[in-house]
Amino acid sequence: MAHDPNCPFCQKLADPIGWPEGEIVWQFPHSVALLGPWQHYTGYCVLVAREHATELSQLGPKRAAFLDEMARLAEAIEACFRPHKLNYELLGNQVPHLHWHIFPRDINDPERLRPVWFAIAEADTNADEKQRLETGTVPRADAVARLRAWLTTNGAPSA
């Protein structure tokens, strides 16, 4: 697999303890699913490709498997947390390594029509907003446990 020694995600993927165990939702064959920090969006996850690529088009024949893993994770989020809508974002502007942000959106969120990045940007300078966005309706460990249980029960492939 391709690896970039200067990429922070490649560094974490190469380190057996790159991510804390409590953040890892699932180890797919082509990606790693992590519980994201912004649990105001309960069940928010980040799916990081195991292979270093900056664009989806660079994955070649592995692209379909990577996208299937993203869809499996999305199914788990939907089943476990019943959001009104999921927002999928594949950006890479800050960390140029393929990773999906999957944000569950609630129908009662007064900002549901705005991208989450506006609130997250405010959290960089506002401690109260950061606390609000990091706090979910479900404890982090419970969110991870629910997602793992669903993925296990539904036969998600694992590395």
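A pocket, in the sense used here, is an open set of grid points with protein on both sides within 12 Å along at least five of seven lines, and its lining residues have an atom within 4 Å of a point. The exercises below concern a predicted model.

**Exercise 1. Describe the second largest pocket: what is its volume, and which residues lie nearest its centre?**

Solution.
Step 1. The volume of the second largest pocket is about 260 Å³.
Step 2. Its lining comprises 15 residues, and those nearest the centre are His40, Tyr41, Thr42, Asp106 and Thr137.
Step 3. Sorted by class, this lining holds 5 nonpolar, 6 polar and 4 charged residues.

**Exercise 2. Place Thr42 in the structure, and decide whether Thr42 is buried or exposed.**

Solution.
Step 1. Thr42 belongs to the loop between S2 and strand S3 (45–49).
Step 2. A residue is buried when its relative accessible area is under 20%.
Step 3. Thr42 has a relative accessibility of 13%, and therefore counts as buried.
Step 4. Leaving aside residues up to four places away in sequence, Thr42 touches Phe81, Pro104, Gly136, Thr137 and Val138.
Step 5. Thr137 thus appears among the contacts of Thr42 and also among the residues nearest the centre of the second largest pocket.

**Exercise 3. Determine which elements supply the lining of the largest pocket, and which one gives the largest share.**

Solution.
Step 1. The largest pocket has a volume of about 630 Å³. Its lining consists of 23 residues, with Tyr44, Gln94, His99, His101 and Trp117 closest to the centre.
Step 2. At least two lining residues come from each of helix H1 (8–14), strand S2 (31–35), strand S5 (99–105) and helix H3 (117–123).
Step 3. H3 provides the largest share, 3 residues.
Step 4. The class count for this lining is 13 nonpolar, 6 polar and 4 charged residues.

**Exercise 4. Establish how many disulfides the model contains, and examine Cys7 and Cys80.**

Solution.
Step 1. A disulfide requires two cysteine sulfur atoms within 2.5 Å.
Step 2. Under this rule the count is 0 disulfides.
Step 3. For Cys7, the nearest cysteine sulfur is that of Cys10, 3.8 Å away, and Cys7 is in no disulfide.
Step 4. For Cys80, the closest cysteine sulfur lies in Cys45 at 9.2 Å, which is too far for a bond.
Step 5. Cys7 counts as buried because its relative accessibility is 4%. Cys80 is likewise buried, with a relative accessible area of 17%.

Technical notes:
Residues are numbered from 1 along each chain as its sequence is written. This is a predicted model: local features need pLDDT of at least 70, side-chain atom pairs count only at pLDDT 80 or more; totals for chains, interfaces and linings use all residues. Side-chain values use heavy atoms; hydrogens and water are left out. On a 1 Å grid over the protein atoms alone, a cavity is a set of points where a 1.4 Å probe fits but cannot get out, and a pocket is an open set with protein on both sides within 12 Å along at least five of seven lines; lining residues have an atom within 4 Å of a point. Grid points are joined across faces, edges and corners, and a volume is the space filled by probe spheres set on the points. Helices (H or I, at least four residues) and strands (E, at least two) are DSSP runs, numbered from the N terminus. Ala, Val, Leu, Ile, Met, Phe, Trp, Tyr, Cys and Pro count as nonpolar, Asp, Glu, Lys and Arg as charged, and the others, Gly among them, as polar. Buried means under 20% relative accessible area, exposed over 50%, partly exposed in between (1.4 Å probe, protein chains only). Contact means heavy atoms within 4.5 Å.
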